[in-house]
Amino acid sequence: INAEYGVSDYMVAKAVVSTQSTGNHNLSLAMHEISHNLAFGHSSPRMNRFIGFVANIPLCVPSSITFKKYHLDHHRYQGDNKLDVDIPSQFEGIFFYNTFTKLIWVILQPLFYSIRPLFVHPKPVETLEIFNTIWTISWNWAIYNFIGGWALAYLGGGTLLGLGLHPMAGHFISEHYTFVKGQETYSYYGPLNYLAWNVGYHNEHHDFPYVSWSRLPRVREIAPEYYQMPSYSSWSWVLYKYITDPEIGPYSRVKRGMNPANVPAVSTGDEKKAE
């Protein structure tokens, strides 16, 4: 890519696969933690939003604010076919139904996560989303002009690979896809939690969404009787099983129809101090 510095295409591809893809996935999960105001606490919402902007820089795609907007609905209305945009769309369920098409779906997970909300449950654009977009595009411009196009491709490629066919991306599927009939949410207790802000402790996270990543293992230790349920030790196995098992696909989710007016209020943390 850049002969002047002796950087070959192979070297860049190897670096993207082995380092930046993992790093960018780590940053995307940092934004998940930040979306719950767990970086600086509920008393400092602006600092949480700013550090979310910083974490967003290497991902190249403005997403910190938009993710927060929709992710909190996932906690409020989990399983709602419209309000929980974590659930694949009807198009995804119909089209990605066999091993080959599910493989394509897994590779393109970043794309579907980005555009699904725009079709399933579009919301008005917030001012902070505009700032997030300007901020990220400005950094993209600076990286391209002062370092080079290869650097921007390196970062962008890391996002595509890290959130697609990558061991850490197994958490997208392991969290709520019904591998066991009747169980809606699953935890993962494997070594990749060290790189993933303990997002594998997912039952614990949904029970206590404002307990920080570092204390989620303690939740399980304090109340082990509540977490004696099927769980995972390998996200790679989850990806393999999802792709190859004909009984599992985008429709393997617990869905429920909800009227927001009839759903009990669930704290998002932001009401504790208005932004």
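Helices, written α in the pattern below, are DSSP runs of H or I with at least four residues, and they are numbered from the N terminus. With that in mind, this predicted model can be read along its sequence as α-α-α-α-α-α-α-α-α-α-α-α, a protein chain of 12 helices and zero strands. The points below go from the whole chain to its largest pocket, and then to one helix and one residue.

**The chain as a whole**

- The protein chain has 275 residues, and 47% of them count as buried.
- Among the contacts in the protein chain with a separation of 6 or more, 73% are accounted for by residues 24 or more positions apart.
- The accessible surface of the protein chain comes to about 14100 Å², and carbon and sulfur atoms hold 65% of that surface.

**The largest pocket**

- The largest pocket holds about 970 Å³ of space, and of the 37 residues that line it, Ser63, Thr66, Phe67, Tyr113 and Ser114 are the closest to its centre.
- Two or more residues of the lining come from each of helix 1 (9–35), helix 3 (64–76), helix 6 (109–120), helix 7 (127–146), helix 8 (149–162) and helix 9 (170–174).
- Among the elements of the lining, helix 6 gives the most, with eight residues.
- When the residues of the lining of the largest pocket are sorted by chemical character, they divide into 18 nonpolar, 14 polar and five charged.

**Helix 3**

- Helix 3, one of the helices that contribute to the pocket lining, has 13 residues and reaches 19 Å from its first C-alpha to its last, which is close to the 18 Å expected at 1.5 Å a residue.
- Because 10 of the 13 residues of helix 3 are buried, this helix is largely enclosed by the rest of the structure.
- The buried residues of helix 3 are Ser64, Ile65, Lys68, Lys69, Tyr70, His71, Leu72, Asp73, His74 and His75, so that list includes charged residues such as Lys68 and Asp73.

**Asparagine 24**

- Asparagine 24 lies in helix 1, and its relative accessibility is 0%, so asparagine 24 counts as buried, given that the cut-off for a buried residue is under 20%.
- Leaving aside residues up to four places away in sequence, asparagine 24 touches Pro58, Leu59, Leu155, Gly158, Thr159 and Leu163.
- One of these partners, leucine 163, is 139 residues apart from asparagine 24 along the chain, yet the C-alpha atoms of the two are separated by 8.0 Å.

Conventions
Residues numbered from 1 in each chain as written. Predicted model: local features only at pLDDT ≥ 70, side-chain atom pairs only at ≥ 80, totals over all residues. Heavy atoms only, no water. 1 Å grid on protein atoms, 1.4 Å probe; cavity = no way out; pocket = protein on both sides within 12 Å on 5 of 7 lines; lining within 4 Å. Points joined across faces, edges and corners; volume = space filled by probe spheres on them. Buried < 20%, exposed > 50% of the residue type's maximum accessible area, 1.4 Å probe, protein only. Contact = heavy atoms within 4.5 Å. Areas by Shrake-Rupley, 256 points an atom, 1.4 Å probe, with all protein chains shown as cover. Expected span 1.5 Å × (residues − 1).
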